[in-house]
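Please open the model in your viewer, keep the sequence panel beside it, and follow the stops below in order.

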Amino acid sequence: MPLFGVEQVPERQVADHPEGEAERGPDDAERRGAFLGFVAHEVRNPLSTALWSAELLGRITAEERGGARGEKLVAMCLRSIARVRQLVEDHLLCERLDAGEFPLRVEPVSAREAVGDAIERRPPDVGEIALDIVPDLLLGVDRALLVRALDALVAMAGRDGTAVRIAAEGAGDTVRLAVSGKAPEEGALEDPVKGTPSDPRGRALALPLARRIAATLGGALTAADGRYLLTLPLAKGGAALPRDVAHP
Amino acid sequence: MTSPLVLVVDDDPDILEAICDILDSESYRVARARNGAEALERVDAERPDVILLDLMMPVMDGVAFAKALRERPADRDVPILIISADGNPQRAASVNARGYLAKPFDIEALLSHVADICRPAEPRAGA
């Protein structure tokens with residue numbers, strides 16, 4: 001494999017993780033059923049408000065549609081659809097990762113650039129983001145998945161306008177990314193089940209997704225000291241890109 | 001004669017807003033609560049004629065709220081209509097509810113259920 005080359009990982013040759021279909025036993029089936037029940041519950045709420053707001057917009061007069069009620073219903077409809085879209089996207093990726101059906105493209109990825117990409121995706125309710133990233137730090141991961149995991153963690157740490165800090169440093173043959181802000185709740189990294197409070201932004205699957213991505217990339221997601229800690233492999237062959245590549 | 005007062009209990013702010021909008025447009029009076037504990041306070045303060053109740057909520061869920069309500073002599077007969085995304089109509093029976101609507105339900109189904117519940121209702125003591 002070239003020093004900084006791209007490694008195509010065949011389907012199903014993803015990291016071992018407990019959600020994998022092949023390893024499922026009765027307990028896993030029960031856990032999976034509970035998880036799918038939660039997903040269905042989360043989708044039905046915004047689906048309801050999308051349908052109702054659209055139907056109400058069709059019922060009211062043109063004058064009402066142009067007024068405050070119309071604006072409120074349009075905003076609710078769009079918000080609800082965006083929420084469904086986020087849930088569906090996160091769920092589909094969870095399912096692909098669980099099934100080992102995500103074709104990984106492992107390559108050296110600049111921590112700074114991946115964090116930058118994730119920050120660009122951040123929702124408007126996330127507060128200020130401070131960075132403390134060791135320069136030229138390279139991970140050996142799938143870039144798209146890393147960005148999705150970071151995006152999920154930023155969304156969770158930045159809830160309710162909380163300021164977020166992202167730190168990254170090398171630790172042996174791994175890279176440790178710490179995302180701090182709104183602290184993880186107890187048991188937050190477990191798969192949610194029916195009865196878990198809803199997330200009105202549609203990010204109810206953010207942590208299950210980030211956890212699956214970490215496992216798929218050969219790392220782990222943990223919570224400690226009020227922070228999310230994403231530990232992932234360092235790029236093989238070195239920790240630094242040439243300066244002109246790292247900072248074009 | 002005042003219109004019936006409907007207390008809507010749901011932790012999802014958009015669900016609350018949408019259902020209250022639907023009921024308000026049909027001339028019902030509405031009150032809202034984000035969880036079971038808030039709903040008990042609203043029952044004391046507003047004396048609703050019917051309660052639309054979500055089941056899965058933080059702080060105090062719908063089942064716990066319904067049980068607490070049924071233990072209060074002055075409120076044990078307030079009709080409850082379950083509105084839930086859990087897809088389990090048997091939950092309605094477990095809390096002695098008057099009906100169950102699975103989200104996403106039709107607006108007309110909601111209005112029909114609420115009208116049926118309110119139609120024979122006599123004014124509540126203390127209302």
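Select Ser27(B), which sits just after α1(B) and takes a positive phi of about 70°; helices here are DSSP runs of H or I with at least four residues, strands are runs of E with at least two, and both are numbered from the N terminus. Before going further, note that this is a predicted model, in which local features need pLDDT of at least 70, side-chain atom pairs count only at pLDDT 80 or more, and totals for chains, interfaces and linings use all residues. Residues are numbered from 1 along each chain as its sequence is written, while chains are lettered from A and ligands numbered from 1 in the order in which they are written.

Now step back along the helix and select residues 13-25 of chain B. The 13 residues of α1(B) should span 18 Å at 1.5 Å a residue, and the end C-alpha atoms are 18 Å apart, which agrees; the expected span is 1.5 Å times one less than the number of residues. Which residues of α1(B) are buried? They are Asp14(B), Ile15(B), Leu16(B), Ala18(B), Ile19(B), Ile22(B) and Leu23(B), where buried stands for 20 or more other C-beta atoms within 10 Å of the residue's own, exposed for 12 or fewer, and partly exposed for values in between, with C-beta atoms placed from the backbone. An α-helix has 3.6 residues a turn, so residues three or four places apart point the same way.

Widen the selection to chain B as a whole. Chain B has five helices and five strands, and from the N terminus on its elements run β-α-β-α-β-α-β-α-β-α. Along its principal axes the C-alpha trace of chain B spans about 35 × 30 × 25 Å, and 42% of its 127 residues count as buried.

Next, show chains A and B together and select the residues where they meet. Here 20 residues of chain A are in contact with 18 residues of chain B, contact being C-beta atoms, placed from the backbone, within 7 Å of each other. On the side of chain A that touches chain B, α1 (26-59) and α3 (68-98) of chain A each supply at least two residues, and α1(A) gives the most, with twelve.

Turn to chain A alone and colour domain 1 (21-98) and domain 2 (104-246) separately; these bounds come from an automatic or database domain assignment. The C-alpha centres of the two domains lie 25 Å apart, and 21 residues of domain 1 are in contact with 18 residues of domain 2. On the side of domain 1 that touches domain 2, α3(A) gives the most, with eleven residues.

For the last stop, select Leu139(A), Ala149(A), Leu153(A) and Ala210(A), which touch the most other members of the largest nonpolar core, a set of 55 residues; such a core consists of buried Ala, Val, Leu, Ile, Met, Phe, Trp, Tyr and Cys residues joined through C-beta atoms within 7 Å. The largest share of this core, eleven residues, comes from helix α5 (residues 143-157) of chain A. Both domain 1 and domain 2 of chain A give residues to this core, so it lies between them. Select α5(A) itself and you will find it mostly covered, with 13 of its 15 residues buried. Within this helix, centre on Ala149(A), which touches Ala210(A), Ile213(A), Ala214(A) and Leu230(A), not counting residues up to four places away in sequence. A second, separate core of 42 residues leads back to chain B, and includes Ile15(B), Val50(B), Met57(B) and Ala92(B).

Terms used
Two residues are in contact if their C-beta atoms, placed from the backbone, lie within 7 Å.
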